[in-house]
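The exercises below are meant to be worked with the sequence and the coordinates open side by side. Each task is followed by a solution that proceeds in steps.

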Amino acid sequence: MSKSSSILFAGFGGQGVLFVGKFLAYKGLDEGKQVSWLPSYGPEMRGGTANCSVIISDDPIGSPIIDEPDILVAMNLPSLDKYEASVKKGGKIILDSSLIGRKVERDDVEVFYLPATQLANDNNIPKLANMIIAGKLMKECDAVSYDNLREALAHVVSARHQDMMDINLGAIEIGYNA
Amino acid sequence: MVVFDKPHALTDAPLHYCPGCTHGIIHRLVAEVMDELGIEGKAIGVAPVGCSVMAYNYFGCDMIQAAHGRAPAVATGIKRADPSKVVFTYQGDGDLAAIGTAETVHSAARRENITVIFVNNAIYGMTGGQMAPTTLPGQVTQTSPYGRDVNVAGYPVKVAELLSNVDGAAYIERVAVNNVKNINKAKKAIKKAFQNQIDGKGFSLVEVLSTCPTNWGVTPEKALTWLEENMMPYYPLGVYKDIYAEEETK
Amino acid sequence: MAEKVLMKGNEAIAEAAIMAGCRHYFGYPITPQTEVAAYMAKRMPKIEGGVFLQAESEIAAINMVYGVAATGKRVMTSSSSPGISLKSEGISYIAGCDLPALIVNVQRGGPGLGGIQPSQSDYFQATRGSGHGDYHLIVLAPASVQEMASLTFKAFNLADKYRMPTMILADGTMGQMMEPVSLDMGEVETYEKPWALTGTNMEREHNIVNSLSLVPEELEKFNFERFEKYKAIEENEALCEEFMMEDAEICVAAFGIASRVSKNAVLEARKQGIKAGLIRPITLWPFPKKAFRAAADKVKAFVSVEMSMGQMIEDVKLATECKKPVSLCNRAGGMIPSPDQVLNAIIEANKGGDK
């Protein structure tokens, strides 16, 4: 059966929301799937909320706009407040429980509480909570598979920052095993 | 025997300018310079909107007509597309100093390697004698019928002075075509402005004080006197900027 | 087939333009198209003969385009809605001088300063000729990042072929989104340009690029000749995609991002037993009249889905000669219709058609 996953990543500007979305889109592309990546844009990106919509699908993608995500990744409280209700019934929510104090109110979705920021700080990779969450997402959702990560990362980590490859891979692993 | 002949770089098309208008002289000077520098074959001229809009018919080189005020931007495009060409604009005061102020200032700021011939006659001629950005205080025009009131209409724009403060401008000179001596000086300035481009020296502009007997409402002869008595005191002639001369004297 | 890479729509436009042989780009920053300029700023200085220049205004940028176009070289500018208004004087000159050039409009909501979110409200401006005078642009409306690239490439060929300005009419979503792109663009078509300003080299009469003509009989003649060309373009270059139209009873008309949303709605309508289909104009001018005329004999009703207050709907009505009802399903000001909204419009149209 053909499969399609719509993922909404939401958080503060600077949390790497667009980056992690791009990584997963490339991962999907590497697996031969159809993908789309759509960011929010404009002044709201400057220190405000940022989000991006990623669709990974076996079939051609109609609209790249996600009204009801299969998966919501909420990296701060405003994002959870804003998007919790929109998640598809039976969908999944992954949230950074180090930054979000409250629980998800819905009982018709599967929720994963991951203290991503705490884990990042503990492991001395403070900017990589986003990639820790990516690891968790790969574990709990079947949007993309947990293999050939280096290849997908190479698309998004610039040549100047090759030293970041292993650090990013490490972060994904932390999330996957958390 | 010296035969007074038409420069090659002027076509045979009869000029449409009014009797006594000095556009014809300035056209001739530009054409003579093209002949003397041997650049007609690689020159591309940009005609403005205004009295000289049909300059594209008069110069023998390739020509393009630009929207009002945009000639320096058009010239920028042409020069960037082929830097081996010699690109010049020929613009009046409304075109260059009112609607096209931004294009003028910024092509100078970029030190765009083009030559600008700026004809200042203190009035809009083509549309029948309205106030120009260079119309003098107190000067009567169709749209300043009681004389330009600087409290209402503001002050004239002194283009040479203004552009001399733009770092990118390489060479700025103001000349006049009111008598033989000044015409010779004007030609020298125009020739330098073209030579600068050939030498890759960058933005060169020659402001030429010119007459408009028809819209000033005076005879051609009186127009020359009017230019001398009114325009030249307000718009003093001279070299306003010449970065290479400055460098040489250092 | 070239390997697929993920690109933003705006970047795909820029890269395809370079592949099409465009070496001259002039622009001015405006959201949501600034990535085109940024991409060109990075790439052009690294390419032989490449020129990137940030102009002092959109007005200056389009006139620089005019200058390069007159020399016969491929050239483009890009902007978003308010900037296109500023460029429209120059576009009129380029059209009036029969010069090839590409103008990209990554639309945002208007009027006035409007907003920065995606919109399709410059449809009239694009398809009716944005500036003064009788003229058209060939207007191409991509609906994927792949088409942002391929239609840009095509637009350069069409511009040279017909000696006229062409336009890519996209929107903020198309500009900002990333999708896989194959940069396998095909042939750069080359055309003789004896009219170009290349210097006489003292070997020929001077070329004059000019749109001034004070003799009305002459100016009329130029207009008639230009419209003969337009007629040929309407005959030969109209393009559209038909989706599930074979047995369709309700025809949705939508272009660009609105067509993507509409496809979802068409599929959902089919699940609910309504025979819906979609005609997606790829060229907005020339409008794919034949496809709509043919559909008018088969379907019960049309639904025009637009991110404007309803502009393309007029062309749908004209093309179908009002043989069938045409309803409007729209959002405006930077909003995008949802598949549910389009689905409801299809359901309504289906009911209406039964009466």
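A residue is called buried here if 20 or more other C-beta atoms lie within 10 Å of its own. The structure is a predicted model.

**Exercise 1.** Describe the overall fold of chain B in terms of burial, extent and compactness.

Solution. Begin with burial: by the criterion above, buried residues make up 56% of the 250 residues in chain B. Next take the secondary structure, which in chain B comes to 11 helices and 7 strands. The radius of gyration of chain B is 17 Å, close to the 18 Å given by the globule rule for 250 residues, so chain B is as compact as a globular protein of that length. Along its principal axes, the C-alpha trace of chain B spans about 50 × 45 × 35 Å. Finally, of the contacts in chain B between residues at least 6 apart in sequence, 67% join residues at least 24 apart.

**Exercise 2.** Work out the strand order of the open sheet of 8 strands, and explain why one side of each edge strand is left without a neighbour.

Solution. The order is β7(B)-β5(B)-β6(B)-β4(B)-β3(B)-β1(B)-β2(B)-β9(C), with mixed pairing. At the edges stand β7 (238-242) of chain B and β9 (208-209) of chain C, and because each has a single partner strand, one side of each has no neighbour in the sheet. Helix α1 (residues 23-37) of chain B packs on this sheet, where it touches β1, β4 (115-120) and β6 (204-209) of chain B, and its direction makes about 165° with that of β4(B). Within the sheet, β1 (residues 43-47) and β3 (residues 86-92) of chain B run parallel and are joined by 4 bridges; Ile44(B), for instance, has Val87(B) as its bridge partner in β3(B).

**Exercise 3.** Check the length of helix α8 (residues 180-198) of chain B against its expected span, and establish what covers its buried residues.

Solution. At 1.5 Å a residue, the 19 residues of α8(B) should span 27 Å, and the end C-alpha atoms are 27 Å apart, which agrees. The buried residues of α8(B) include Ala186(B), Ile190(B), Ala193(B) and Phe194(B), as well as Lys187(B) and Lys192(B). Their cover includes α1, β3, β4, β5 (171-176) and β6 of chain B. Just after α8(B), Gly200(B) takes a positive phi of about 75°.

**Exercise 4.** Characterise the side of chain A that touches chain C.

Solution. The contact takes 15 residues from chain A and 19 residues from chain C. On the side of chain A, α1 (17-30) and β2 (34-39) each supply at least two residues, and β2(A) gives the most, with 5 residues. By character, the residues on this side divide into 10 nonpolar, 4 polar and 1 charged.

Methods: Residues numbered from 1 in each chain as written. Chains lettered and ligands numbered in written order. Predicted model: local features only at pLDDT ≥ 70, side-chain atom pairs only at ≥ 80, totals over all residues. Contact = placed C-beta atoms within 7 Å. Nonpolar A, V, L, I, M, F, W, Y, C, P; charged D, E, K, R; others polar. Pairing = 2+ DSSP bridges. Axes fitted to C-alpha atoms, helices over the stretch in contact; angles between N-to-C directions. Rg over C-alpha atoms; globule rule 2.2 N^0.38 Å. Buried ≥ 20, exposed ≤ 12 C-beta atoms within 10 Å, placed from the backbone. Expected span 1.5 Å × (residues − 1).
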